[in-house]
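Student: I am new to this structure. Please take one part of it and go through that part closely, together with what lies around it.

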Amino acid sequence: MKKVVNILTIAGFMFLGAIQSTQAQEAAKKSEGFRQELKQRFIEGDPGFMGIVLVALILGLAIAIERIIYLNMATTNTKKLVANVDEALSSGGVEAAKEVCRNTKGPVASIFYQGLERADEGIDAAEKAVVGYGGVQMGLLEKNISWLSLFIALAPMLGFMGTVIGMITAFDSIAVSNDISPAVVAVGIKQALLTTVFGLVVAIILQIFYNYIVSKVDNIVNNMEDASISLIDLLAKYKK
């Protein structure tokens, strides 16, 4: 009986392995077929305009990835930082709090450091330093986002330009052949539609990244403002 069970178990594993191998081969074939189809459509849509739209996609993605990495590195646990600065001010004074900020990454810690640098000049001076340096940090967070929005607008515009050129090509074919049969205009119309689709797809992809980046920046800026208010309150309490 045990031998029968073992044989059935081995057969079951072999059967499952065969199914998984078949599924993997089918997935590889589909992936290869998709790449070939995409390549063919790219060529049919006029490589000149399709190439320009592709460059817009590559540059837009490069900017988006760089911004996402930067913003993730700039994200700080502001509650923990405020608590550490409060503890440092209570135990070691301003210098100890500045050391905490030096050892913490992110724009919030940099803003805290600038405020603590002016703490000896009074609360008003520290608040002005925090507000001023906060504007600098906000500019760094929003760096290159305008270029990303440019590529979002540029991609569909290039696609529509390819559409117009494709339609002109179709009408030229009609004029040359003096015939309006589908075979005469099919190439130009196909080119027009493919460039439009490719431009819209690029714009949609970049728009998703853009919205995520903007929401990330807004979240960091809100944390910066809340933390800055907390720092001024801490300095006011420390000065008493």
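Tutor: What follows is about one buried residue, Val 108, and the parts around that residue.

The model is predicted, so local features need pLDDT of at least 70 and side-chain atom pairs count only at pLDDT 80 or more, while totals for chains, interfaces and linings use all residues. Residues are numbered from 1 along each chain as its sequence is written, and side-chain values use heavy atoms, with hydrogens and water left out.

The chain has seven helices and zero strands; helices (H or I, at least four residues) and strands (E, at least two) are DSSP runs, numbered from the N terminus. Of its 240 residues, 33% are buried, where buried means under 20% relative accessible area, exposed over 50% and partly exposed in between, with a 1.4 Å probe and protein chains only. Contact means heavy atoms within 4.5 Å. Of the contacts with a separation of 6 or more, 77% join residues 24 or more positions apart.

Val 108 belongs to helix H4, residues 107-117. Because its relative accessibility is 4%, Val 108 counts as buried. Apart from neighbours within four places in sequence, Val 108 is in contact with Thr 78, Leu 81, Met 224 and Ala 227. From Val 108 to Ser 228 there are 120 residues in sequence, yet their C-alpha atoms are 7.9 Å apart.

Two of these partners, Thr 78 and Leu 81, are among the buried residues of H3. Helix H3 covers residues 78-102 and has 25 residues, but its end C-alpha atoms are only 14 Å apart, against the 36 Å a straight helix would reach at 1.5 Å a residue. That expected span is 1.5 Å times one less than the number of residues. H3 has a kink of about 140° centred on Gly 92; the bend at a residue is the angle between axes fitted to the seven residues ending there and the seven starting there.

Now the empty space. On a 1 Å grid over the protein atoms alone, a cavity is a set of points where a 1.4 Å probe fits but cannot get out, and a pocket is an open set with protein on both sides within 12 Å along at least five of seven lines; lining residues have an atom within 4 Å of a point. Grid points are joined across faces, edges and corners, and a volume is the space filled by probe spheres set on the points.

There is one cavity of 30 Å³ or more, and the largest cavity holds about 30 Å³. Val 108 is in its lining, along with Ala 74, Thr 75, Thr 76, Ile 220 and Asn 223. The classes are nonpolar (Ala, Val, Leu, Ile, Met, Phe, Trp, Tyr, Cys and Pro), charged (Asp, Glu, Lys and Arg) and polar (the others, Gly among them). By class, this lining has three nonpolar, three polar and no charged residues.

The largest pocket holds about 210 Å³. Of its 13 lining residues, Val 130, Val 131, Met 224, Glu 225 and Ser 228 are the closest to the pocket's centre. Helix H5 (123-141) and H7 each give two or more residues to this lining, which divides into eight nonpolar, three polar and two charged. Met 224, one of those closest to the pocket's centre, is also a contact of Val 108.
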